[in-house]
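Work through the exercises below with the sequence and the model open. Each task is followed by a solution in steps.

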Amino acid sequence: MSYRMIQVGTGGFGATWCRELLPPSIRDGRVKVVAAVDVDPAALDNAQRYLGLPPGRCYTDIEQAFAENPADFCTVVVPPSAHEAVVELALRHGLDILSEKPIADTLEASVRIARKVTRAGRKMGVTMSHRFDQDKTTLRHELRSGRHGRVGYLVLRLTCNCRAYGSWGAFRHEISDPLLIEAAVHHLDILAELVGSDCEAVYAEAWNPSWGAYAGPSQALVTMRFAGGCRAFYEGAKSNAAGLNGWTDEYIRAECELATLILDHRRLERFAYEPGGAWAEAREGAGKEIPLLQGSRWGHLLLIDKFIDWLDGGAPMETNVQDNLRSVALTFAAIRSSRTGAPLEVAELLAQARDRAQPGLVGGPGGHEPP
């Protein structure tokens, strides 16, 4: 079945949706884009050029776009602060939703969105795409296999030279928590998914160096404690002098009972435990390479397929909005911890957000509280 969709957001990363992410599903006959929306008229050129939409189906007025174009679902590829308003409009028109991360710009708004989607009986997925990269999927497969024993702790590193204004998209240089909202939202999710159990507590320190052109913290160090005793450590940096591990080339080390696994620049290697080798020194890059799993689609392309399969009557995608609440709570726990200087219990924070969140209109009580 081919589903009619409205693309909300065609500039910035929305241009990538138009140019790269949607065309495969269009060619497969699974998606038909009936309209596109962006507040910037120039950005709508992307919808015309890459999606073949006529100018009359490209709108700067989202209300008009939804009113004039019957559809089955919409995408949401706009800044997080605008997500709740777009979701509400989509629900009023009876649409399902596929949204970029995070669910919203606050945990309370994220809870409200999940409630509204459930009450409306609609489906909403969140594109936690990095979890579904080929290399991270391979590492997850290895950790689940049992071949390496129990997982003791993990380390994930993202370091980039994006200190100059606009080098990471202008809006990220202007929001209050760019690193944690726009990067750690993926990486904390990846760590939790690799561990395979609930994260119980998060402790974070976040800051912006004097040379980073950001309004909020562009660097962070985060410690996570999981049910069962596993730990994880995250180093995220957007204002470093050199980008050693950028997007999709992250460094992840899994210290397991029977082996050390290292994923670095999409290469996965294994160092087996050697009894009696207390002083033996291993060198990264010299381990036994583990081939990456093969597949035709990864990341966003795979998640778009999973969303359409769900619309077709299949199982809910793993990153459905209700399940993703636990993941987005990790991000807001890290933000709160970085401000208070104290570790936070994730389940308690999520419970508090559920108590505070109001199911009413956008901007109602709790709608714009700081995380």
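**Exercise 1: a helix pair**

In this predicted model, helices α6 and α10 are roughly antiparallel to each other. Determine the crossing angle of their axes and list the residues that make the contact.

Solution. Step 1: the axes of α6 (residues 107-120) and α10 (residues 321-340) come within 10 Å and cross at roughly 180°. Angles over 145 degrees count as roughly antiparallel, so the pair falls in that class.
Step 2: α6 contributes L107, S110, V111, I113, A114, R115, V117 and T118, while α10 contributes V321, Q322, L325, V328, A329 and F332.
Step 3: sorted by class, this contact has 10 nonpolar, 3 polar and 1 charged residues.

**Exercise 2: the surroundings of α6**

Decide whether α6 is largely enclosed or not, and find what covers its buried residues.

Solution. Step 1: buried means under 20% relative accessible area. In α6, L107, E108, A109, S110, V111, R112, I113, A114, K116 and V117 are buried.
Step 2: these are 10 of the 14 residues, so α6 is largely enclosed by the rest of the structure.
Step 3: the cover includes α5 (83-92), β5 (96-99), β6 (124-126), α10 and α11 (346-356).

**Exercise 3: cysteines**

Find how many disulfides the structure has, and explain the result for C74.

Solution. Step 1: a search of the whole structure gives 0 disulfides.
Step 2: the closest cysteine sulfur to that of C74 belongs to C18 and is 14 Å away, too far for a bond. C74 is buried, at 0% relative accessible area.
Step 3: C160 is likewise in no disulfide, the nearest cysteine sulfur being that of C162 at 5.0 Å. C160 is buried at 6% relative accessibility.

Notes. Residues are numbered from 1 along each chain as its sequence is written. This is a predicted model: local features need pLDDT of at least 70, side-chain atom pairs count only at pLDDT 80 or more; totals for chains, interfaces and linings use all residues. Side-chain values use heavy atoms; hydrogens and water are left out. A disulfide is a pair of cysteine sulfur atoms within 2.5 Å. Buried means under 20% relative accessible area, exposed over 50%, partly exposed in between (1.4 Å probe, protein chains only). Axes are lines fitted to C-alpha atoms, for helices over the stretch in contact, and angles run from 0 to 180 degrees between N-to-C directions. Helices (H or I, at least four residues) and strands (E, at least two) are DSSP runs, numbered from the N terminus. Angles under 35 degrees count as roughly parallel, over 145 as roughly antiparallel, 65 to 115 as roughly perpendicular and the rest as oblique. Contact means heavy atoms within 4.5 Å. Ala, Val, Leu, Ile, Met, Phe, Trp, Tyr, Cys and Pro count as nonpolar, Asp, Glu, Lys and Arg as charged, and the others, Gly among them, as polar.
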